[in-house]
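Work through the exercises below with the structure open. Try each task before reading its solution.

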Amino acid sequence: VDELCSVVGVVYAELKAAEKRTSNDNATASTAKSMYGELLEQLLEVMSRLFDVGSHVAKPEPNIKEMDKSQKGNKGFSSDHTAVLEEWIDAMTEELPELTSFILPTGSIASSNLHVARTVCRRAERRMVPLVQEEETCDPDALAYVNRLSDYLFTAARYVNFCDGSDETQYRKARSIVQRERIIVKLNDK
């Protein structure tokens, strides 16, 4: 979870640097609105929630699985955080073209690092599953958050490419020595 938080921090730093470069290149750029919409603020929120998840993993609450919401109080991880992730995923997805194929983790550095974050997130999730299912020491709501976070990071990677005007490269299956041309999908007209 710490590693995941750090990778998200790298993405945040890269996006901030990209915004700074863009505003330096364009003297009329508006500093009031991020070129990435709400993404930068969302990434800060994600890093804060990952600190919370990390604390649930590092210092688990005994019998957390058996507690209802009122018993958890401040001890548990709120499922509201997962609902917020879902809202963010939906908002970004509305702006993106429909995904019609698997895509390769390409595009900008920030987008590619979001794909790295997604894979680290999936690994963290796999490591948390036994803590929830077997040892019953980790809050299932924290696991649900990490599960949905990987989808958020995938969508955010596509969204960053969209905002940057970068293309997506579709996966192609190996069929023979002779391959069809690689398909590049334009996300927007930038």
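Buried means under 20% relative accessible area, and exposed means over 50%; partly exposed lies in between. Keep these cut-offs at hand. The model is predicted.

**Exercise 1. Classify leucine 114 as buried or exposed, then list what it touches.**

Step 1. Locate the residue. Leucine 114 sits in helix H5, which spans 109-133.

Step 2. Apply the cut-off. The relative accessibility of leucine 114 is 0%, so this residue counts as buried.

Step 3. List the contacts, leaving out residues up to four places away in sequence. Leucine 114 touches Val11, Leu153, Ala156, Ala157 and Val160.

Step 4. Check a distance. Threonine 155 is 41 residues from leucine 114 along the chain, yet their C-alpha atoms are separated by 9.1 Å.

**Exercise 2. Describe the order of elements in the chain and its burial.**

Step 1. Count the elements. There are six helices and two strands.

Step 2. Read from the N terminus. The order is α-α-α-α-α-α-β-β.

Step 3. Turn to burial. The chain has 190 residues, and 39% of them are buried.

Step 4. Look at the contacts between residues at least 6 apart in sequence. Of these, 74% join residues at least 24 apart.

**Exercise 3. Find the two arginines below and decide whether each is buried or exposed.**

Step 1. Place them. Arginine 49 lies in helix H2. Arginine 158 lies in helix H6.

Step 2. Test arginine 49. Its relative accessibility is 15%, so arginine 49 counts as buried.

Step 3. Test arginine 158. Its relative accessible area is 7%, so arginine 158 is buried.

Step 4. Compare their partners, again leaving out residues up to four places away in sequence. Arginine 49 touches Phe77, His81 and Tyr145. Arginine 158 is in contact with Leu96, Pro97, Glu98, Leu99, Ile103, Glu168 and Leu187.

**Exercise 4. Which residues line the largest cavity, and which element gives the largest share?**

Step 1. Count cavities of 30 Å³ or more. There is one.

Step 2. Take the volume. The largest cavity has about 40 Å³.

Step 3. Name the lining. It consists of Ile103, Leu104, Thr106, Ser111, His115, Ala157, Arg158, Asn161, Glu168 and Thr169.

Step 4. Assign the lining to elements. H5, helix H6 (140-164) and E1 each supply at least two residues. The largest share, three residues, comes from H6.

Step 5. Sort by class. The lining has three nonpolar, five polar and two charged residues.

Step 6. Link back to Exercise 3. Arg158 is part of this lining, and arginine 158 also contacts Ile103 and Glu168, which are among the lining residues too.

**Exercise 5. Analyse the second largest pocket: what is its volume, and which residues line it?**

Step 1. Take the volume. The second largest pocket holds about 180 Å³ of space.

Step 2. Name the lining. The residues are Val1, Asp2, Glu3, Leu4, Gly54, Val57, Val120, Arg123, Ala124, Arg127 and Met128.

Step 3. Assign them to elements. Helix H1 (2-25), helix H2 (39-58) and helix H5 (109-133) each supply at least two. H5 gives the most, with five residues.

Step 4. Sort by class. Six are nonpolar, one is polar and four are charged.

**Exercise 6. How many aromatic pairs are there in the whole structure? Work through one of them.**

Step 1. Count. The search finds four aromatic pairs.

Step 2. Take phenylalanine 102 and tyrosine 171. Their ring centres are 6.2 Å apart, with 80 degrees between the planes. Planes over 60 degrees apart count as edge-to-face, and this pair is edge-to-face.

Step 3. Place the partners. Phenylalanine 102 is in the loop between helix H4 (80-95) and H5, and tyrosine 171 is in the loop between strand E1 (168-169) and strand E2 (184-185). They are 69 residues apart, so the pair links distant parts of the chain.

Step 4. Grade their exposure. Phenylalanine 102 is exposed, at 65% relative accessible area. Tyrosine 171 is partly exposed, at 37%.

**Exercise 7. How many disulfides are there?**

Step 1. Recall the bond. A disulfide joins the sulfur atoms of two cysteines covalently.

Step 2. Apply the cut-off. The two sulfur atoms must lie within 2.5 Å. The count comes to zero disulfides.

Step 3. Check two cysteines for burial. Cysteine 121 is buried, with 0% relative accessible area. Cysteine 163 is buried too, with 8%.

Technical notes
Residues are numbered from 1 along each chain as its sequence is written. This is a predicted model: local features need pLDDT of at least 70, side-chain atom pairs count only at pLDDT 80 or more; totals for chains, interfaces and linings use all residues. Side-chain values use heavy atoms; hydrogens and water are left out. On a 1 Å grid over the protein atoms alone, a cavity is a set of points where a 1.4 Å probe fits but cannot get out, and a pocket is an open set with protein on both sides within 12 Å along at least five of seven lines; lining residues have an atom within 4 Å of a point. Grid points are joined across faces, edges and corners, and a volume is the space filled by probe spheres set on the points. Ala, Val, Leu, Ile, Met, Phe, Trp, Tyr, Cys and Pro count as nonpolar, Asp, Glu, Lys and Arg as charged, and the others, Gly among them, as polar. Rings of Phe, Tyr and Trp (its six-membered ring) pair if their centres lie within 6.5 Å; planes under 30 degrees apart count as stacked, over 60 as edge-to-face and the rest as tilted. Buried means under 20% relative accessible area, exposed over 50%, partly exposed in between (1.4 Å probe, protein chains only). Contact means heavy atoms within 4.5 Å.
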